[in-house]
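Here are some exercises to work through with the model open in your viewer. Try each task before you read the solution below it.

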Amino acid sequence: MDAAALRDRLLRALVEPARGPAATLVGADAEVAWLDTPSGPSLVLLRAPDDLAALEARARRVVDALQRGTLHLVVCGGGPDVAPALCRLAPGFSLRRRVAIHQLDGEGRLVRVAGRLRLAELDAAVARLAEVTPLSPEEIAARLREGAPLVAAERRFASAVSAPFPAVTVALGVACVAMFLLEELWGGSPLVHLRMGANQGERAFGGEPWRLLSYAFLHGGVAHLAFNLLALASFGPFLEALLGRRRYLVLYTLAALGGALGSAIGHPKTYSVGASGALFGLMGAGIGLALRPRGLLPPATLGRLKKQMWSPLVINLVYSLQAGIDLLAHVGGVLAGLALVGGGLLALGLEPADADGGSRARGFGVLAWLCGLAMALSVGAALVTGRPWELRSPPPLTAQSVPGGALLLDVPRGFAPGEVEHHENATLASWGTPRRDPLLIETVVLPLQAAPPDPEVALDELRGEVDRAQAKGIQPSGKARVETVGARRMVVRDERTEGGLDRTSYAAIVGRATVVVRVYRLADGLAAWNGVGARVAGSLREGPGDPASAAGSGIRPVAP
């Protein structure tokens, strides 16, 4: 079959399908025809010339003209030497554009030359080639006149959504990068995340509501940050241009809140960080637009959106099933974005991006300011209350009275005292808050009838007792040893708890009491806190105060 007739037969089958929506002819001459397909990808039909070099040059111009999106190039006609020449044109891997190259040979068979992409409209049209006649030049001209308004609308829309600078998207990305740099400066550990506002249901609903937004600016590593910034750059600018900056900021904020609520309610004891809840909200908004466009999108753009929005959502939801990924935050974000845009709230009074006039700039101003203020205040509240910069420097110690004896112990400033437990022959006390402080300090005071006559002998006996002691859930890491800690000789043993925490126990005889100071390390990676536990234990000393009063009133600060 002649190459020109083959192309024009395929052209008729595409613009006059047996079923389903037709492709739109947007450009045509004697050699090339350009079409927009209902499913989104662009389709170019190229008549194969007799000169192979000329064919390769024309095909290369078509491929190189694609800046982003998906293109199917079909060369109509030509012999077996066409496919090898076309293979050389296939571009390398790109996140912005995908190209599939086909040859429709003289017998009407479609040969895939490069790329694994399939196009349902193309396959259906090729199957009907024998049933249709070539499209005449007059019919081609008529089809071009019909498609001209659609082409003009697409061009106006593309220009409108690409013109504005995505100021909100850029500001959100810069904020995420700035917070990540602070995370790394202050240690980058889970404890730093918690102090900087990581989301955790128990805390968010227990008096720290700022965590429901501040978490969205924190990330668990370079890869986590880079992936989310890439997603923000992929979805953000388009939605910001389409919705306008105010509505877009409201969408991002409420999607982040929806993700936080899903996570906090679903697993309140686990903490989470990352902008992915908000980003899944942007994907949900895209699905909402595809399902209920409300005249905001021209037909070809709507077709592409319907085809392109589902795959990243499904892929990312499947990826979210892995351990360590907060699936509930992602689902909460998707549902929030879908409800806000698909439900029509953010589309109230919104005109298309290419509409004339200033109506797009009106509305949602107060809500946008409230959302921006809420995010800024949430981050500020998290930093002021968490004081994560304190983890970067060795902590100052303040003297505290030890319940159960006339004793003093220096503990890190700001460590909250716990409940005092009184037993028949021992008094237990603690300082520090799990998931906030790097250490937890415990003391056990066991009164003696009299001070031992020979401290060294008594210390050696104490070492033996420590080695023989068996506590449920505690695994010794080695034998107990006698060391000088601070200015005091103490029995020291390294241990590990059943929950995986490292603990060091320091035991000493002080006056008429045996005192055990236990130091639990709750966080790793904080170099400034290395040795703080030994400093605390080494500060144990006799001090002023009524032992009975100390035991009865709990832990109270005294002058150092």
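Burial is judged by relative accessible area: buried means under 20%, exposed means over 50%, and partly exposed covers the range in between. Please keep in mind throughout that this is a predicted model.

**Exercise 1. A network of charges**

Task: Find the salt bridges that involve Arg-12 and Glu-16, classify the residues by burial, and work out which parts of the chain are tied together.

Solution:

Step 1. Start with the pair itself: Arg-12 and Glu-16 form a salt bridge whose closest N and O atoms are 3.3 Å apart. Arg-12 counts as buried because its relative accessibility is 10%, under the 20% limit. Glu-16, at 30%, counts as partly exposed.

Step 2. Look for another partner of Arg-12. Its side chain also meets that of Glu-139 in a salt bridge, at 2.4 Å from N to O. Glu-139 lies in helix α5 and Arg-12 in helix α1 (residues 3-15), so this pair ties together parts 127 residues apart in sequence. Glu-139 is partly exposed, with a relative accessible area of 30%.

Step 3. Do likewise for Glu-16. A salt bridge links Glu-16 to Arg-143, with 3.1 Å between the closest N and O atoms. Glu-16 sits in the loop between α1 and β1 (24-28), while Arg-143 belongs to helix α5, so here too the parts tied together are 127 residues apart in sequence. With a relative accessible area of 23%, Arg-143 is partly exposed.

Step 4. Put the pairs together. Through shared partners, salt bridges join Arg-12, Glu-16, Glu-139, Arg-143 and Glu-146 into one network. For context, a search of the whole structure finds 31 salt bridges.

**Exercise 2. Strand pairing around β13**

Task: Which strands pair with β13, and in what sense do they run?

Solution:

Step 1. Take strand β12 (residues 427-431). Five bridges join β12 to β13 (residues 439-447), and the two run antiparallel. Thr-427 has Val-445 of β13 as its bridge partner.

Step 2. Turn to strand β18 (residues 513-521). Nine bridges pair β18 with β13, again in the antiparallel sense. Here Thr-443 stands opposite Val-517 in β18.

**Exercise 3. The nonpolar interior**

Task: Which residues of the largest nonpolar core touch the most other members, and which element gives the most to this core?

Solution:

Step 1. A general point helps first: in soluble globular proteins, nonpolar side chains tend to be buried together.

Step 2. The largest nonpolar core has 96 residues, and the ones touching the most other members are Leu-251, Tyr-252, Leu-282, Leu-409, Ile-441 and Val-517. Helix α12 gives the most to this core, with nine residues.

Step 3. Zoom in on Leu-282. Leaving aside neighbours within four places in sequence, Leu-282 is in contact with Leu-232, Phe-235, Gly-236, Leu-239, Tyr-248, Leu-251 and Tyr-252.

Step 4. Apart from this core lies another, of 24 residues, including Leu-43, Cys-76, Val-132 and Leu-135.

Step 5. Finish with helix α13 (residues 299-308), whose buried residues are Ala-300, Thr-301, Leu-302, Gly-303 and Leu-305. These buried residues pack against β2 (32-36), α5 (137-162) and α12 (276-291).

**Exercise 4. Out on the surface**

Task: Which residues make the nonpolar surface patch of about 520 Å², and is Val-318 buried or exposed?

Solution:

Step 1. The patch is made by Leu-291, Trp-310, Val-314, Val-318 and Leu-321. Helix α14 (residues 310-319) gives the most to this nonpolar patch, with three residues.

Step 2. Val-318 has its place in helix α14. At 52% relative accessibility, Val-318 counts as exposed, because the value is over 50%.

**Exercise 5. Sequence separation and distance**

Task: How far apart in space are Asn-530 and Pro-394, and how far apart are Pro-164 and His-267?

Solution:

Step 1. Asn-530 is in the loop between β18 and α18 (532-538), and its 61% relative accessibility makes it exposed. Asn-530 and Pro-394 are 136 residues apart in sequence, with 8.4 Å between their C-alpha atoms.

Step 2. Pro-164 lies in the loop between α5 and α6 (167-185) and counts as partly exposed at 39% relative accessibility. Pro-164 and His-267 are 103 residues apart in sequence, with 40 Å from C-alpha to C-alpha.

Technical notes: Residues numbered from 1 in each chain as written. Predicted model: local features only at pLDDT ≥ 70, side-chain atom pairs only at ≥ 80, totals over all residues. Heavy atoms only, no water. Pairing = 2+ DSSP bridges. Helix = DSSP H or I, 4+ residues; strand = E, 2+ residues; numbered from the N terminus. Buried < 20%, exposed > 50% of the residue type's maximum accessible area, 1.4 Å probe, protein only. Contact = heavy atoms within 4.5 Å. Core = buried A, V, L, I, M, F, W, Y, C linked by side-chain atoms within 4.5 Å. Patch = residues over 30% accessible without salt bridge, like charges linked within 9 Å, V, L, I, M, F, W, Y side chains within 5 Å. Areas by Shrake-Rupley, 256 points an atom, 1.4 Å probe, with all protein chains shown as cover. Salt bridge = Lys/Arg side-chain N within 4 Å of Asp/Glu carboxyl O.
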